[in-house]
Amino acid sequence: MADSFLFKNRIRAQQLYNDAFVYLSEKYQQSSDLFTPASPFGQILSVVSNISELIFYYIEAAITELNISRARNAQSIFGLSRLTGHNPSRGVSAFGSIQLNIAPGAASQISGNTLRIPNYCALNCETNGLTYFLDLGSDEFIAIDKTSLTPQQVTIVQGLVQTQDFTGTGFPLQSFSINTLDPSDDQRIKVTVNGVDYPVEDSLYDLGNNEPGCLVKTGINGGLDVYFGTGNFGAIPSQGSKITIQYVQTAGLSGNLDTANNIAFTFTTEGVDELGNEINLNEVLSIKLVSKPIFGANNEDPEFTRLIAPYASKSFVLANPSNYIYFLKKYAYFSHIDAYNTKNDDYIDDDNVVYLFLLPDVNRKITTDIDYFNIPADEFVLTEEEKQRVLNLLNESGQQLVTSEVEIINPVIKKYVINIVLKYIEGFDKGVLMTEIRSSLSTYFLNIKRKTSVPRSDLISIIENIEGIDSVNVFFVSQENEEAIRNGYYFVPVKQRDPITNQEITIDRKQVTIEPGQDPLIGLDDFGDIKIEQNDLVLIRGGWSDRNNNYYEEIPSENTVGSLNIIFKSFVTKNLYNDLEQNKFNQLKKIQQNKTYSPVIKNSSGTVS
C-alpha cells in the first residue's frame with residue numbers, strides 16, 4: 001500500500017499538486033534537475049492535476065445545484081421548485097375584449113343571413129405589431145346576423161395558437177415534452193386524444209378511474225410536459241392513438257396595451273358566409289375596443305422562483321392569504337401584493353373574507369419624460385375595471401374555496417414631502433446632482449414597497465452614493481400632520497364592541513387639541529421615518545400647505561417648493577487630503593459590502609443555462 005501523502009487540510013488543486021510532486025521526488029529519489037514539470041512524468045502529473053481540479057469543480061457545482069437557494073442554473077432552480085409542488089410559470093397572455101358589428105353598407109357583401117367568424121381567428125395589432133386571436137371558448141365559430149344592430153362582444157388574447165401531435169404508447173403515465181423557444185401561456189392549453197378532450201387537472205389524484213384527463217407542468221427547459229394517467233387515476237391513451245396538444249405562444253408583457261392609445265386591429269383570418277364564401281372581415285366588420293389587453297407576463301424569473309416556491313399550495317386551492325399572493329404574483333402586473341384576513345379578532349362573520357391590497361406596477365408607464373414624481377397619482381391604484389378583472393381571474397381559476405370571499409381594498413393615499421439638505425464637493429454641478437438625486441429616488445420609490453415604514457436612512461444611503469455628495473440629511477413632511485398643526489386639532493376614532501355582532505366598530509371621532517409648540521408626528525415615528533399602516537399608499541406628492549402656510553407644488557421643479565426639495569447648504573473644498581480620505585472610506589464600504597453572489601445562468605430566451 002502506498003504511503004499516505006495527501007491531507008484533508010490541503011485539498012486545493014495547487015496544494016495537491018505540490019504534495020504529489022514532493023512525494024514522488026522523495027519516493028523515487030529524483031533530483032529537481034531530473035524530475036521537473038517539463039519532464040515526461042512531470043507533464044503527466046500536471047495533466048492529472050488539471051483533470052482532478054475539473055472533477056472537484058464538477059462535484060462542487062453538482063452539490064451546489066442541489067440547493068435551490070444556492071443553485072445558479074435556471075433548470076436546477078425550476079427542477080427543485082417542482083419538488084416543492086411549485087409549477088414555474090411559462091408565461092401569461094394578455095387578454096381583453098372587443099365588440100364586433102357589421103359595418104354600415106357591408107351587408108350586401110354577405111350571402112345569406114349570417115357571417116361566421118371562426119374560433120382563434122387572428123388579428124394584427126397595428127399599435128405593437130403583435131398577433132392576437134379571438135377566444136370563443138368551446139364554440140367553433142360565432143354567427144353575426146348581418147341585419148342585427150346588436151354588437152357581439154368577444155375575448156381577444158395575445159399570441160399564436162400552435163399544435164403538436166404525438167402517438168400514444170399504451171403504457172401508464174405516458175409523458176410528452178414540447179420545447180418552445182418563446183414563452184407559452186400557462187392556462188390556454190387544450191389536449192385531445194383521438195379527438196376526445198382531455199381536461200387539464202392539477203394533480204393525478206384529481207383524475208377518476210379511466211377518466212379522460214391529464215396534467216400539464218412546466219418543463220425544466222422552459223417548455224411544457226404533458227402527463228397522462230395510470231388507469232386507476234386517469235385514462236391511458238391506447239397504443240397508436242393520436243394525441244394533439246394545443247398551446248399558445250405568447251409575447252408576455254409586450255402584449256399589454258393598457259398604456260397605449262389609438263389601438264387598432266386588423267383581421268388576418270377570413271370569415272365565411274352561409275354559402276361558404278370567404279369574406280374579408282376587414283371590409284365587413286367594425287371593431288370597437290371594450291377593454292384593453294392586460295395581465296400579460298413573461299416566463300418566470302429564476303430568482304423569483306427561489307422566493308415563491310416555498311409558498312406553493314400543496315392542495316392547489318386558494319385557501320389562505322399566502323395562496324392568493326402566490327397566485328397573483330405570476331401575472332407580474334402588480335408592484336405590491338398583500339393579502340390578509342381578520343381571523344385574529346373576535347368577530348367571526350368575516351373570517352371567510354380575504355382582503356387584497358393590490359398596487360399596479362407603474363414602471364410599465366415610465367418614459368423618458370415621466371418618473372415617479374410626475375406620473376399621475378391615479379396611476380398608482382387599480383381602476384374599477386382592473387379590480388373586476390382580478391376578481392374574474394380568481395373565479396375562473398377554479399381554485400377558490402366555495403365558502404371564501406375576496407374583497408379588494410381601496411388604498412388610503414397619504415401624501416408626504418421630502419426635504420433634502422446636503423453638502424457637496426466643490427466643482428460638481430448642482431443641476432447635475434439634483435437630476436441624479438431625483439432619478440435615484442424615483443427608482444427607489446418605484447421598486448421598493450416597504451410594508452411598515454419608509455426609513456430616512458434608505459434615502460440618505462442612496463444619496464450618499466452619488467458622486468459629488470459629501471454629506472446629506474433627509475426630512476419627511478406629512479400632509480396629515482401639518483394640517484393637524486395648522487388647524488390646532490385632529491381626530492382619532494373611538495371604537496367599541498357591538499354587543500350583538502361582537503364586532504369592533506367605530507362609533508365616534510374624538511377631537512384631540514394640539515397645544516402651541518406641540519408636534520403630534522401624525523404619519524411619522526420618533527425617528528422621523530414614514531409610518532405605513534396596513535392599507536396606506538404612501539406618495540411623495542404636494543398640492544397642500546404646511547403649518548406655516550407654505551404651499552408645496554404637487555410636482556417638484558427647480559424654482560418652486562414642491563414634493564422634492566434639495567437644499568445645497570455648503571460645499572467641501574476639493575483637495576488631495578480630502579480625496580485620499582474619501583478613497584479610504586470608499587474602500588472600507590466595498591470591504592463591508594463584498595458578499596459572494598451566484599448569478600443565475602440563463603440562455604438567450606432568459607430561461608435556462
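Which residues touch the most other members of the largest nonpolar core? Keep that in mind while we take in the whole thing; bear in mind that this is a predicted model.

**Zoom out first**

Show the full chain as a cartoon. You're looking at eleven helices and 31 strands. The radius of gyration is 32 Å, well over the 25 Å that the globule rule gives for 609 residues, so the protein is more spread out than a compact globule. Turn it along its principal axes and the C-alpha trace spans about 100 × 90 × 55 Å. Switch on the surface: the accessible area comes to about 33,400 Å², and carbon and sulfur atoms hold 50% of that. Buried residues account for 41% of the 609. As for contacts with a separation of 6 or more, 69% of them link residues 24 or more positions apart.

**Into the largest core**

Now back to the opening question. Select I418, I420, L422, I437, L441, F445 and L459: of the 41 residues in the largest nonpolar core, these touch the most other members. Next, colour the elements that give two or more residues to this core: β20 (353-360), β22 (412-425), α8 (430-447), α9 (456-464), β24 (469-478), β28 (536-540) and β31 (564-572). The largest share, six residues, comes from α8.

Centre on I418 and show its surroundings. Setting aside residues up to four places away in sequence, I418 touches F445, L459, V474, F475, F476, I540, S563, L564 and N565. While you're in core mode, try C121, C125, V284 and L285 too; they are among the 27 residues of a second, separate core.

**Along α9 and over to D529**

Return to α9 and display R456, D458, L459, I460 and I463, which are buried in that helix. What lies over the buried residues of α9? The cover includes β22, α8, β23 (453-454) and β24.

From R456, hop across to D529, since the two are in contact. D529 belongs to the loop between β26 (504-513) and β27 (530-531). Is D529 buried or exposed? Its relative accessibility is 12%, so D529 counts as buried under the 20% cut-off. Beyond R456, and leaving aside neighbours within four places in sequence, the contacts of D529 include V454, P455, F476, G523 and L524. Draw a distance from D529 to F475 as well: their C-alpha atoms are separated by 8.3 Å, though the residues sit 54 apart along the chain.

**Rings and charges**

Time to highlight the aromatics. There are 21 aromatic pairs in the structure. Pick Y372 and F373: the ring centres are 5.2 Å apart and the planes meet at 85°, so this pair is edge-to-face. Both Y372 and F373 are buried.

Then select F95, F295, F327, Y331, Y333 and F334, which form one aromatic cluster. Stay on F95 and add R389, whose charged end sits over the F95 ring, 5.0 Å from its centre. For another view of this kind of arrangement, go to F491: the charged end of R509 sits over that ring, 4.1 Å from the centre.

**Last stop: S76**

Finish at helix α3 (residues 74-83), where you'll find S76. With 17% relative accessibility, S76 counts as buried. Which residues does S76 contact, neighbours within four places in sequence aside? Show E65 and A71: those are the contacts of S76.

Conventions:
Residues numbered from 1 in each chain as written. Predicted model: local features only at pLDDT ≥ 70, side-chain atom pairs only at ≥ 80, totals over all residues. Heavy atoms only, no water. Phe/Tyr/Trp six-rings, centres within 6.5 Å; stacked < 30°, edge-to-face > 60°. Buried < 20%, exposed > 50% of the residue type's maximum accessible area, 1.4 Å probe, protein only. Lys NZ or Arg CZ within 6 Å of the ring centre and 35° of its normal. Helix = DSSP H or I, 4+ residues; strand = E, 2+ residues; numbered from the N terminus. Rg over C-alpha atoms; globule rule 2.2 N^0.38 Å. Contact = heavy atoms within 4.5 Å. Areas by Shrake-Rupley, 256 points an atom, 1.4 Å probe, with all protein chains shown as cover. Core = buried A, V, L, I, M, F, W, Y, C linked by side-chain atoms within 4.5 Å.
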